[in-house]
Amino acid sequence: MKTLTLYVGRECHLCEIARRELAPLRDELGFAVLEVDITGVPELEERYRRFLPVGEVDGERVFVYRVEADAVRASVG
């Protein structure tokens with residue numbers, strides 16, 4: 001089973017939207033979602049803050065800002 005890592009931050013409205021949009025894709029495709037809150041972690045803040053939310057599969061960036069369903073399907077399918 002593939003895992004999509006979702007990098008999020010506290011009080012991030014786009015992150016909330018991403019969670020909702022990923023749920024039906026997860027059900028459809030059977031992948032796991034590992035959520036990582038970057039808040040207060042300097043290395044992660046520097047790498048991801050300006051792009052949140054960020055989705056990665058196997059270390060490859062799949063989307064930033066908005067869930068791209070076709071890109072998710074291609075990465076986990």
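## Exercises on a four-stranded sheet

In the hairpin of β3 and β4, two residues lie between the strands, and Asp-58 there takes a positive phi near 55 degrees. This is a predicted model: local features need pLDDT of at least 70, side-chain atom pairs count only at pLDDT 80 or more, and totals for chains, interfaces and linings use all residues. Residues are numbered from 1 along each chain as its sequence is written, and side-chain values use heavy atoms, leaving out hydrogens and water.

**Exercise 1.** Work out the strand order of the open sheet and find its edges.

*Solution.* Strands are DSSP runs (E, at least two residues) numbered from the N terminus, as are helices (H or I, at least four). Two strands pair if DSSP finds at least two bridges between them.

1. Take β1 (residues 3–8): six bridges join this strand to β2, running parallel. Here Thr-5 has Leu-34 as its bridge partner.
2. β1 also pairs with β3, antiparallel, over four bridges; Leu-4 stands opposite Val-57.
3. β3 and β4 run antiparallel, joined by four bridges, with Val-54 opposite Val-64.
4. The order is thus β2-β1-β3-β4, with mixed pairing. Because β2 (32–37) and β4 (60–64) each have a single partner strand, one side of each is left without a neighbour in the sheet.

**Exercise 2.** Sort the β3 residues Val-54, Gly-55, Glu-56 and Val-57 by the way they point, and decide whether they are buried or exposed.

*Solution.* Buried means under 20% relative accessible area, exposed over 50%, and partly exposed in between (1.4 Å probe, protein chains only).

1. Val-54 and Glu-56 point one way.
2. Gly-55 and Val-57 point the other way.
3. All four are buried.
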